[in-house]
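This text walks through the hollow spaces of one protein model, and then through the confidence of that model. Please have the sequence and the structure open while reading.

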Amino acid sequence: MNRRLASLALCMGAALVLPQHAFAADEKWPTQPVRVVVNYPPGGSSDSLTRVALSRAGEALGASIVVENKPGANGNIGVSFVAKSKGDGYTLSATGLSGIINSNVYKTLDYRFTQDLVPVAMIGRNPGVLIVNKSLPVNSVQELIAYGKRNPEALNFASGGAGSSPHVNGEIFRQATGTPMTHVPYRGESPAVTDLIGGRVQVMFAVLATAKPLIDKGQVRALAVTSPERAEALPELPTLKESGIGFGVYSWLAIFAPRDTPEAVQQQLNTAIRQSLRDPQVKAKVSELGTEIRDMSLKELRDYVRSEDVYWREALKKVNVQLD
C-alpha cells in the first residue's frame, strides 16, 4: 500500500511539473497578440524605433504585435507593469539603457530591473550627440569648455528628464571637463529641444535619432558624438574621445520579458525580432532613425546587459546622481 501511495504521489508531482515544461517546449506559442510596452509617449524616439523594428516580427511569430504606450516616472511605470506581468511571452517591454540607469539612480523602485526582467532581443544602439544653440559662439568641444569656464553661469544643459541618458551624459561631461553647467530637466525630449532651439537652454546631449533632424535642418550646431567610434549617420562629427574627453557610450534599446518567461519563448522572440531587423526595408527605416542595428543571440545579449549594468553602476556612483 505504501509503495502504491508513493507511486501515486510521484505521478501527481509529475503532473504538477509537466505543464510548465510542455508550455515551454511543446505547446504552440503564440496563440494571441503579443503586447510590447513602450515607456514613453507616442512619437518619441523609443516609440518610433520600436514600431519600425518590430514591424515584420509578427509575421515570423505568426501573431500580431501590438505596441502600447505607458509613459510616466521617467519610464518606470511601463517597466514596472511588465516586470509584474505573467511570464507567458505576451507582455514585453521596449527598454534598455534607461532601465539600467533608473535601477541605479532611483532609491525606491517596486521592481528590480536585472532580476525581474530578462532581455530577449536587441534592437540597436544610438549614439548621443552634443548639440548647442546656434547663437552660442562655439564650434568645438574645447571651445565649449573654454566658454563655460569664462562664463560660469552662462550654460544650461537640457534633458528629457532627470535620470535620463542625456542627463547622465551631461553630468559625466561636466565632471570630466570641469565645465560649469546647470541641468534643466524637461518632461520629455520635445519641450527640451524646443527650448534649445529658442535659446532658453544652450546645450543638450540628445540621442542621435532626436538630434539628426535638427542638425540636417540647421536648427542646432553639433559638436561631437558620445560613442567610442564615429556614428555611421554623422561620420564627419568627431567623438568626445577625439576631443580629449575620456568616455564613450551609446544609448540602446532592446526587448525584455518577465523573468519567468520560458526559455523556448525567449528564443522564439529573439529569432523573430532578429529576422524583422534583417528585412531590407526595416533596416533602412531603422537607419533613418539614426540607430545602428546590433544582431545578438540570447547569450550575447545577456552578457551585454550584464556588462552595461556593471559599467553604469560605477559611472553613476562617480557623478552621484540619486533620485527619489
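The largest cavity holds about 50 Å³ of space. Fourteen is the count to keep in mind here: of the 14 residues in its lining, those closest to the centre are Gly128, Ser165, Asn169, Thr226 and Ser251. The model in which this cavity is found is a predicted one, and it contains one cavity of 30 Å³ or more.

Several elements meet around the largest cavity. At least two lining residues each come from strand 4 (117-133), helix 8 (165-177), strand 7 (203-207) and strand 9 (250-258). Sorted by class, the lining of this cavity consists of eight nonpolar and six polar residues, with no charged ones.

Next come the pockets. The largest pocket encloses about 1000 Å³. It is lined by 48 residues, and Tyr40, Ser45, Ser46, Gly188 and Glu189 are the closest of them to its centre. The elements that each supply at least two residues to this lining include helix 5 (97-105), helix 9 (189-198), helix 10 (208-216) and strand 3 (91-96). Strand 4, helix 8 and strand 9 are also among them, and these three elements each supply at least two residues to the lining of the largest cavity as well. Which element gives the most to the lining of the largest pocket? That is helix 2, with five residues; this helix spans 45-53. By class, the lining of the largest pocket is made up of 21 nonpolar, 23 polar and four charged residues.

The second largest pocket has a volume of about 170 Å³. Its lining is formed by Ile172, Gln175, Ala176, Gly246, Phe247, Tyr311, Glu314, Ala315, Lys318 and Val319. Two or more of these residues come from helix 8 and from helix 13 (298-319). Helix 13 gives the most, with five residues. The classes in this lining are six nonpolar, two polar and two charged residues.

The last topic is confidence. The protein chain has an average pLDDT of 89, and 92% of its residues score at least 70. Where is confidence lowest, and where is it highest? The lowest value belongs to helix 1 (residues 2-25), with a mean of 40, and the highest to strand 1 (residues 34-38), at 98. Over residues 1-25, pLDDT stays under 50, and the model has nine contacts beyond four places in sequence for this stretch.

Terms used: Residues numbered from 1 in each chain as written. Predicted model: local features only at pLDDT ≥ 70, side-chain atom pairs only at ≥ 80, totals over all residues. Heavy atoms only, no water. 1 Å grid on protein atoms, 1.4 Å probe; cavity = no way out; pocket = protein on both sides within 12 Å on 5 of 7 lines; lining within 4 Å. Points joined across faces, edges and corners; volume = space filled by probe spheres on them. Helix = DSSP H or I, 4+ residues; strand = E, 2+ residues; numbered from the N terminus. Nonpolar A, V, L, I, M, F, W, Y, C, P; charged D, E, K, R; others polar. pLDDT = per-residue confidence, 0-100. Contact = heavy atoms within 4.5 Å.
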